[in-house]
Amino acid sequence: MYIDYTGGGLYADSQLREHLRLLETGVYGNPHSVNPTSAASTELVDRARAYVLEFFKASPDEYVAILTANATGALRLVGEAYPFRSGDRFLLTFDNHNSVNGIREFARARGAETSYVPSVSPDLRVDETLLPRYLTDTAGDHHNLFAYPAQSNFSGVQHPLEWIEQAQSHGWDVLLDAAAYVPTNQLDLNRWHPDFVALSFYKMFGWPTGIGCLLARRDALAKLERPWFSGGTIVAAFVQREYYQSAPGAAHFKDGTVNYLNLPAVEIGLRFLDRIGIDTIHARVGALGVGLLDALDSLRHSDGAPAATVYGPRSWVRRGATIAFNFLHPDGRVVDERFVDRIARRHNISLRTGCFCNPGAGEVAFTISRETLVGGEFGEGMTLDDYIRQIGLPSGGAIRASLGLASNFADLHRFQDFAREFVDLASVPSDLPPRIAC
Ligand SMILES: Cc1ncc(COP(=O)(O)O)c(C=O)c1O
């Protein structure tokens, strides 16, 4: 059973067949030329790019689609080129993937100040009465970037898209990390107008891996200052004179040769989602997710003590089908996630354990204070196990079950069978493997 859709989606046979047929019946060359095979590739690449915009209802007059290797590549394009200067702000939510957190290093290197908006337990949402205080804390004529996920890859919380306009009205450029949101929710860029959107296609429809996208508003893109040039991003560059002329618009962000043989599979995948209907997928994972949450909530030991704890919203309001939890022993201790992994393998279940590259959500979920983190540096020669002991964590993180377009009720029943293994479990064996870094 596969319940790691937030890690990566699954693909349909039809996607592979259609892609293979396309490759079998054509000859495609590097698109950086005008020869017939190159022209054939260029046509497919242009079509795929146009369809990406259409899928997200983004007007080509307003948005461009820049193809990247993954969501991280899209986030990096923004981070490394955002014109941070001293006095500028980078604002982000605690609840963010490390590929967004990492942008603070670009901000710091250029003298901009980073601030975090905290999430609040137990729902792991942002206190909305607090947000305006952060959004209004900007100084005059500066570049300010606000980044948050449309859906948390940790807790499934859906942060309001209304924040986009709210932040923009206070002079922020908004970077929306939509990687965990778009596989089961329609992102309508005719209704919402974030400056930048990052996503990975394999999370939406499984095949192909290795392609993501930065959807960028044309005027926001024009603000970016790329720190380098490369093949594909310039009109001309010289060697005897250190000068180059950038290609205009989106072309300036297209490093090297695009993944031209796999790109047509992006259009195939998006059309596949369209045929099912993203709203149908949304409704389906919602129905299954409610069942999964209920299964965890009602899981009890013989003495009536809870056998699981969920991190994040328990109700199905403004949340997606990504559920973080831990199993609990009858005395309330957290069941070691490595043991959960072992039992999941025995049931042939693919789920995720750890912190899911989202340390901020984890810090709030496990009530780890700043003081603990400041005192507890990751020392030379330390293993992850040593570190977890040092900061007093009860386990190596949480368990994450995430649903997607092929999830069904049989999966839910198998999950319930698996969860029952933890009822009345007093202890775990001592032969668990060392943890590996996340
Ligand atoms: C919310 C979110 N942002 C960004 C990423 C990074 O995606 P990728 O590893 O495809 O670059 C992920 C991946 O899990 C994610 O869930």
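What is the volume of the second largest pocket? In this predicted model, the second largest pocket has a volume of about 660 Å³. Its lining is made up of 19 residues, and those lying nearest the centre of the pocket are Asn101, Arg104, Tyr116, Glu363 and Leu373. Several elements each give two or more residues to this lining: the helices α4 (98-101), α5 (103-109), α13 (359-365) and α14 (370-375), together with strand β3 (113-117). By residue class, the lining of the second largest pocket comprises 7 nonpolar, 6 polar and 6 charged residues. Rolling a probe the size of a water molecule over the atoms reveals where empty space remains.

A second part of the structure to examine is strand β9, which spans residues 212-217. This strand is mostly covered, with 6 of its 6 residues buried, that is, under 20% relative accessible area. The side chains can be followed in two sets: Gly212, Leu214 and Ala216 point one way from β9, while Cys213, Leu215 and Arg217 point the other way. The residues of both sets are buried, Arg217 included.

The partners of β9 may be considered in turn. Strand β1 (residues 63-68) runs antiparallel to β9 and is joined to it by 6 bridges. In this pairing, Thr68 stands opposite Gly212 of β9. Strand β8 (residues 196-200) also pairs with β9 in the antiparallel sense, here over 5 bridges. Within that pairing, Ala198 has Leu214 of β9 as its bridge partner. Gly212 and Leu214, the β9 residues named in these two pairings, both belong to the set that points one way from the strand together with Ala216.

How values were computed:
Residues are numbered from 1 along each chain as its sequence is written. This is a predicted model: local features need pLDDT of at least 70, side-chain atom pairs count only at pLDDT 80 or more; totals for chains, interfaces and linings use all residues. Side-chain values use heavy atoms; hydrogens and water are left out. Buried means under 20% relative accessible area, exposed over 50%, partly exposed in between (1.4 Å probe, protein chains only). Helices (H or I, at least four residues) and strands (E, at least two) are DSSP runs, numbered from the N terminus. Two strands pair if DSSP finds at least two bridges between them. On a 1 Å grid over the protein atoms alone, a cavity is a set of points where a 1.4 Å probe fits but cannot get out, and a pocket is an open set with protein on both sides within 12 Å along at least five of seven lines; lining residues have an atom within 4 Å of a point. Grid points are joined across faces, edges and corners, and a volume is the space filled by probe spheres set on the points. Ala, Val, Leu, Ile, Met, Phe, Trp, Tyr, Cys and Pro count as nonpolar, Asp, Glu, Lys and Arg as charged, and the others, Gly among them, as polar.
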